[in-house]
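This report describes local features of one protein model. Please have the sequence and the 3D view open while reading.

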Amino acid sequence: MSWSFETDPEYQQELDWVETFVREEVEPLDHVLGSPYDVTDPGFVKLVRPLQQRTRARKLWGCHLGADLGGPGYGQVKLALLNEILGRSAFGPTVFGCQAPDSGNAEILAHFGTAAQTAQYLQPLLANEIVSCFAMTEPQGGADPKVLTTTAVREGDEWVISGQKWFASNARYAAFFIVMVVTDPEAPPYQRMSMLIVPAGTKGLEIVRNVGWGSERAATHGYLNFDRVRVPADAMLGRPGQAFVVAQVRLGGGRIHHAMRTIGEARKAMDMMCERVLSRVTQGELLAKKQMVQEKIADSWIELEQFRLLVLRTAWLIDKHNDYKRVRKDIAAVKAAMPKVLHDIASRALHLHGSLGLSSEMPFASQVLASYFLALADGPTEVHKVTLAREVLGGYRATTDLFPAYHLPRVEAEAQAKFADLLAELAQELGS
């Protein structure tokens, strides 16, 4: 039986380079630029593009992509080890060409796009020449997409879209939108909806306003109104009624990738917390000498390492089965655990920094808020806990016994009956 927690030396060298590169070259971008999705910003062009060229030259661009799409085809375990470094910086994924939601939208286009669609949208998206938006949630339905009301009605050679979407990530900068719409209201719940591509600037598509969350500097989440927006019949991704199938292609990978980057975000808070307590003196001694502080450090390390192992194991299972459905339980567990890990570690770091921790000069308040974002994005925590519980319980069966399955007196009686002859033989040997 083979079992190893080691990274192969050649790839570890790459990870060592990435860690230094991100700390020294990429993290500073978070303090001087706005949104990582504003690809036309002169500052982005001047500062980010050269860094992207360096990752390309090192063959670290688009590592989430298979060889058929021009990527290295690393698989999820290697991607996890890379992403936990990139998660330290808002610009990290963009510099390495694996930023959400573009990475997930690229998967959709690769699996379901026509030749014309991939030529028009996928190739420039993979090159980060453009960015995209995934528009699913609505004022009437977020966690339950079965109650969505935005419709698309076929009129001749066109689909006519009417309705509203909100919290459509990166709508402000997107060159195109992938929109989930109801195309057959009378069909079964999971076959009512389809996916359509809507180019930015299409007549009738209005960004009512852009919204940021918390202290986010660039408001990028759009409230959208579709007023009889017309797109060609061939704007559909996949077949009519296939929206749920299409969505799961991106959401399964998206959830695990969020978790990978969250490790980096939490580790950043952990690093800053440890540096703080080893530097700050109060009541005549370092904070690091206080037992209550030591408890915070210990709890944070344990929680982070437990979560990291869960993420890596899930990534390994995805690589093994190459089927997100077979790893549904594990992905749900990762998604449910993720927000609490970041919340608790960032909260401790904030507290141990005192008033400085509350300020905009430290990342902790934003990280705490980000934990709530992670608890809501791609399905709220409660939904994933329900999924997890159902999957776990599916491996058990009900008992018809009058007693609980592990009622100890009954189990003891059964064990004694099963081994009665051996026990009698043993007693006889001991007696002699």
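The sections below cover a central strand, two helix residues, a helix pair, salt bridges and some backbone details.

The model is predicted, so local features are reported at pLDDT of at least 70 and side-chain atom pairs at pLDDT 80 or more, while totals for chains, interfaces and linings use all residues. Residues are numbered from 1 along each chain as its sequence is written, and side-chain values use heavy atoms, with hydrogens and water left out.

## Strand S4

Helices (H or I, at least four residues) and strands (E, at least two) are DSSP runs, numbered from the N terminus. A residue is called buried under 20% relative accessible area, exposed over 50%, and partly exposed in between (1.4 Å probe, protein chains only).

Strand S4 covers residues 176-182, and because 7 of its 7 residues are buried, the strand is largely enclosed by the rest of the structure. In a regular strand the side chains alternate between the two faces of the sheet. On one side of S4 are Phe-176, Ile-178, Met-180 and Val-182, and on the other Phe-177, Val-179 and Val-181; both faces are covered.

Two strands pair if DSSP finds at least two bridges between them. S4 pairs with strand S1 (residues 132-135) in the parallel sense, over 4 bridges. In S1, Cys-133 stands opposite Phe-177 of S4. Strand S5 (residues 193-199) runs antiparallel to S4 and is joined to S4 by 7 bridges. Here Val-181 faces Ser-194 of S5.

## Two buried residues of helix H7

Helix H7 spans residues 243-277 and contains Phe-244. Phe-244 is buried, at a relative accessible area of 15%. Contact means heavy atoms within 4.5 Å. Leaving aside residues up to four places away in sequence, Phe-244 touches Pro-145, Lys-146, Pro-189, Tyr-190 and Met-193. Of these contacts, Pro-189 is 55 residues from Phe-244 in sequence and 9.9 Å away in space, C-alpha to C-alpha.

Thr-262 is also in H7. With a relative accessible area of 4%, Thr-262 is buried. Met-338, Leu-342 and Leu-374 touch Thr-262, again not counting residues up to four places away in sequence.

## Helices H1 and H2

Axes are lines fitted to C-alpha atoms, for helices over the stretch in contact, and angles run from 0 to 180 degrees between N-to-C directions. The axes of H1 (residues 9-26) and H2 (residues 42-57) come within 12 Å and cross at roughly 175°. The two helices are therefore roughly antiparallel (angles under 35 degrees count as roughly parallel, over 145 as roughly antiparallel, 65 to 115 as roughly perpendicular and the rest as oblique).

From H1, Trp-17, Phe-21, Glu-25 and Val-26 meet Leu-51, Arg-54 and Thr-55 of H2. This contact of H1 with H2 has 4 nonpolar, 1 polar and 2 charged residues. In these classes, Ala, Val, Leu, Ile, Met, Phe, Trp, Tyr, Cys and Pro count as nonpolar, Asp, Glu, Lys and Arg as charged, and the others, Gly among them, as polar.

## Salt bridges

A salt bridge is a side-chain nitrogen of Lys or Arg within 4 Å of a carboxyl oxygen of Asp or Glu. By this rule there are 18 salt bridges, including the three pairs tabulated here.

| Pair | N to O distance |
|---|---|
| Arg-23 and Asp-271 | 3.4 Å |
| Arg-308 and Glu-84 | 2.9 Å |
| Glu-391 and Arg-328 | 3.7 Å |

Arg-308 and Glu-84 are both buried. That pair links distant parts of the chain, with Arg-308 in helix H8 (residues 291-321) and Glu-84 in helix H3 (residues 76-86), 224 residues apart. Glu-391 is partly exposed at 33% relative accessible area, and Arg-328 is partly exposed at 47%.

Arg-23 is partly exposed at 39% relative accessibility, as is Asp-271 at 25%. Glu-19, Arg-23, Glu-27, Arg-88, Lys-268 and Asp-271 are linked in a network of salt bridges.

## Backbone details

The peptide bond from Ala-100 to Pro-101 is cis, with omega near 0°. Pro-101 sits in the loop between helix H4 (92-95) and helix H5 (102-112).

Gln-283 has a positive phi, near 50°, and is not a glycine. Gln-283 lies in the loop between strand S9 (281-282) and strand S10 (285-286) and is exposed at 74% relative accessibility. Asn-322, also not a glycine, has a positive phi of about 50°. Asn-322 lies in the loop between H8 and H9 and is exposed at 70% relative accessibility.
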